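User: I have a chain open on my screen and would like to go through its fold with you. Could we begin with how the contacts are counted?

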Amino acid sequence: MNTINLGPSIHCPNSFGISSYHLQRMFKKTTGVSPKRYLNQIRIEQAKRLLLKGDKNNTEICLMVGFNDPSHYYSVFRNMTGFSPLAFKHRHS
């Protein structure tokens, strides 16, 4: 079974017939953002919804949306929204 891993770098199985570098370039040309940024945008949008829902803590949300490290989650969240997760929740609740 062939899989695509969108972790720290994209792993592209040989069955696609292109290198992971070329796939990343095609993705960015099509979407305007790198695969990593796109994935982080999706994760942060999910995190924002979960924060506003209010029934999970930050660590649970971090893990639920696919981040393995809470400090990385906080850093990406702040970079993309301009707020820490807690500040975002207080501002938008």
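Analyst: Two residues are in contact when heavy atoms of theirs lie within 4.5 Å. Please keep in mind that this is a predicted model. On that basis, residues 24 or more positions apart account for 36% of the contacts in the protein chain with a separation of 6 or more.

User: What pattern does the protein chain follow along the sequence?

Analyst: Read along the sequence, the pattern is β-β-α-α-α-α-α. The protein chain thus has five helices and two strands.

User: How much of the chain is buried?

Analyst: Buried residues make up 27% of the 93 residues. The protein chain exposes about 6500 Å², and carbon and sulfur atoms supply 52% of that area.

User: Which residues form the largest nonpolar core?

Analyst: That core has twelve residues: I44, A47, L50, L51, I61, C62, V65, F67, Y73, V76, F77 and F88. Helices α2, α3 (58-64) and α4 (70-81) each supply at least two of its residues. The most comes from α2, which gives four residues.

User: Let us stay with α2, then. How many residues does α2 have, and how far does it reach?

Analyst: Helix α2 has 19 residues and reaches 27 Å from its first C-alpha to its last. That is close to the 27 Å expected at 1.5 Å a residue. Just after α2, G54 takes a positive phi of about 85°.

User: Which residues of α2 are buried?

Analyst: They are P35, L39, N40, R43, I44, A47, K48, L50 and L51.

User: A47 is also in the core list. Is A47 buried or exposed, by its relative accessibility?

Analyst: A47 counts as buried because its relative accessibility is 0%, and the cut-off for buried is under 20%. Leaving aside residues up to four places away in sequence, A47 touches I61, V65, Y73 and F77. The C-alpha atoms of A47 and N58 are separated by 8.7 Å, and these two residues are eleven apart along the chain.

User: And what does L50 touch?

Analyst: With residues up to four places away in sequence not counted, L50 touches I61, M64 and V65.

User: R43 caught my eye among the buried residues of α2. Which side chain of opposite charge is nearest to R43?

Analyst: It is D69, which is 11 Å away. R43 is buried yet has no salt bridge. A salt bridge would need a side-chain nitrogen of Lys or Arg within 4 Å of a carboxyl oxygen of Asp or Glu. Apart from neighbours within four places in sequence, R43 is in contact with V65, G66 and F67.

User: How many salt bridges does the count come to, then?

Analyst: The count comes to one salt bridge. In that salt bridge E45 is joined with K48, and the closest N and O atoms are 2.9 Å apart.

User: Why are E45 and K48 separated by about one helical turn?

Analyst: They are separated by about one helical turn because they are three residues apart in helix α2 (residues 35-53). An α-helix has 3.6 residues a turn, so residues three or four places apart point the same way. Side chains of opposite charge can pair when their charged atoms come close. As for burial, E45 is partly exposed, with a relative accessible area of 38%, whereas K48 is among the buried residues of α2.

User: Changing topic to α4: what does M80 touch?

Analyst: M80, which is found in helix α4, touches R37, N40, Q41 and I44 when residues up to four places away in sequence are not counted. The C-alpha atoms of M80 and I44 are separated by 7.8 Å, although the two residues are 36 apart along the chain. M80 counts as partly exposed, at 23% relative accessibility.

User: Finally, α1. How many residues does α1 have, and how far does it reach?

Analyst: Helix α1 (residues 20-31) has twelve residues and reaches 16 Å from its first C-alpha to its last, close to the 16 Å expected at 1.5 Å a residue. Just after α1, G32 takes a positive phi of about 90°.

User: How far apart in space are Q24 and K36?

Analyst: Their C-alpha atoms are 9.2 Å apart, and the two residues are twelve apart in sequence. Q24 has its place in helix α1 and counts as partly exposed, at 30% relative accessibility.

How values were computed
Residues numbered from 1 in each chain as written. Predicted model: local features only at pLDDT ≥ 70, side-chain atom pairs only at ≥ 80, totals over all residues. Heavy atoms only, no water. Buried < 20%, exposed > 50% of the residue type's maximum accessible area, 1.4 Å probe, protein only. Core = buried A, V, L, I, M, F, W, Y, C linked by side-chain atoms within 4.5 Å. Lys, Arg positive; Asp, Glu negative; His and termini not counted. Expected span 1.5 Å × (residues − 1). Areas by Shrake-Rupley, 256 points an atom, 1.4 Å probe, with all protein chains shown as cover.
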